[in-house]
Amino acid sequence: MNLIRRSYPNVILNFEKSKKKECNHRLLLKKSEESKRLERRRNRFTNQSTSIINKSIQLTNETNQSLIGTCEKLEKNYLRLTSAPNPSTIRPLAILEQAFSFVINKYKSNNDWSYISNQLKSIRQDLMVQSIRNDFTVLVYEENARIALEIGDLDQFIQCQAQLEMLYDSGCNRTNLIEFLIYRLLYSLLLNDYKKANRILIDIDETNILLRKSNNIDIVLEFCSSFRRKNYIQLFTLYKSLPKLACCLVNFFIDIYRKQMIQILIWGFAPTLSIDVVTTMLAYESNEICREHLSSLGVIFIDESMSIDCKTSRTSFDKK
């Protein structure tokens with residue numbers, strides 16, 4: 001073999017390369033077959049799991065469809081279900097419609113958030129266990145979402161918004177679709193979820209022009225444009241012009257962007273900066289509210305005056 005190697009080096013080299021190539025090819029085929037087998041196995045288990053889930057959902061739906069409540073109470077406290085619902089504790093659609101009007105009117109007179117939150121959750125639960133998904137269901141979730149925004153309950157607003165998205169897609173009443181698309185757009189954008197925000201913008205563009213005009217969509221779109229360009233001066237100017245509930249939604253996030261602007265201001269001005277400038281520029285309701293928020297961020301004021309000590313504030317602000 002050594003003699004052949006010395007005599008025909010190129011032949012041997014080509015032969016070894018060929019063998020090596022063949023071995024690599026076999027390995028690739030083996031890996032490919034193994035990958036395909038694993039993929040088939042994953043698909044098999046996925047399909048089985050999906051089938052089990054679908055059967056479970058179907059069984060639940062069948063149970064819920066056959067359930068019609070008999071309870072006639074207009075007010076009923078919300079209780080988390082730990083077992084199959086009892087028809088005697090569930091209100092039928094006709095009673096739920098009366099209950100909704102009753103609790104909303106009562107809330108308008110007492111403004112008790114804990115009361116209306118509890119009652120609306122109970123109505124939503126009765127709708128869900130009976131698989132009632134119609135225009136009345138949309139009305140309940142829309143009103144619940146608006147009240148949650150007004151009060152400042154972000155978790156409950158998100159729950160209602162998620163259900164509304166599915167209800168609109170299922171063909172229920174879409175009269176207020178553009179209003180809730182605006183809330184979804186603002187929420188996605190303020191969370192920096194630009195991919196979702198772009199999809200919502202497409203949905204908004206496809207809606208009726210008259211509906212867009214009636215919901216001050218132009219102001220909202222300008223606000224969103226300012227946010228994406230990080231033009232915070234224009235952002236805070238537009239913030240004050242947003243529709244009331246859109247403004248309530250932005251309030252959950254606005255202090256994050258105020259903090260970013262305050263950092264820019266204390267590094268850009270010296271030696272002092274009037275609090276009047278900050279209050280106006282960052283859309284605070286008053287100098288007192290502005291000062292309270294700035295103090296919580298470590299901003300230092302000169303004695304008891306309303307002027308910010310920019311140089312001293314830089315160090316304390318960075319530590320917060």
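## Surface charge and aromatic pairs

In this predicted model, Asp 203 is partly exposed, as its relative accessible area comes to 33%. Asp 203 is a residue of helix α8, which covers residues 194–205, and together with Asp 169, Asp 205 and Glu 206 it belongs to a patch of negative charge on the surface.

Aromatic side chains are the second topic, and the structure holds six aromatic pairs. One of them joins Phe 180 and Tyr 183 in an edge-to-face arrangement, with 5.2 Å from centre to centre and 90° between the planes. Both residues sit in helix α7 (residues 177–190), where being three residues apart means that about one helical turn separates Phe 180 from Tyr 183. Phe 180 is buried, with a relative accessibility of 1%, and Tyr 183 is likewise buried at 5%.

A further edge-to-face pair is made by Phe 227 and Tyr 257, whose ring centres are 5.1 Å apart and whose planes meet at 85°. Because Phe 227 lies in helix α10 (residues 217–228) and Tyr 257 in helix α13 (residues 254–268), this pair ties together parts that are 30 residues apart in sequence. Phe 227 counts as buried at 3% relative accessibility, and Tyr 257 counts as buried at 7%.

The two pairs are set side by side here.

| Aromatic pair | Centre to centre | Angle between planes |
|---|---|---|
| Phe 180 and Tyr 183 | 5.2 Å | 90° |
| Phe 227 and Tyr 257 | 5.1 Å | 85° |

Phe 180 and Tyr 183 also take part in a cluster, in which ring pairs link these two residues with Phe 157.

Technical notes
Residues are numbered from 1 along each chain as its sequence is written. This is a predicted model: local features need pLDDT of at least 70, side-chain atom pairs count only at pLDDT 80 or more; totals for chains, interfaces and linings use all residues. Side-chain values use heavy atoms; hydrogens and water are left out. Patches are made of residues with over 30% relative accessible area and no salt bridge: like charges are joined within 9 Å, nonpolar side chains (Val, Leu, Ile, Met, Phe, Trp, Tyr) within 5 Å. Accessible areas come from the Shrake-Rupley method with a 1.4 Å probe; for residues, only the protein chains shown count as cover. A salt bridge is a side-chain nitrogen of Lys or Arg within 4 Å of a carboxyl oxygen of Asp or Glu. Lys and Arg count as positive and Asp and Glu as negative; His and the chain ends are not counted. The place of a charge is taken as NZ of Lys, CZ of Arg, CG of Asp or CD of Glu. Helices (H or I, at least four residues) and strands (E, at least two) are DSSP runs, numbered from the N terminus. Buried means under 20% relative accessible area, exposed over 50%, partly exposed in between (1.4 Å probe, protein chains only). Rings of Phe, Tyr and Trp (its six-membered ring) pair if their centres lie within 6.5 Å; planes under 30 degrees apart count as stacked, over 60 as edge-to-face and the rest as tilted.
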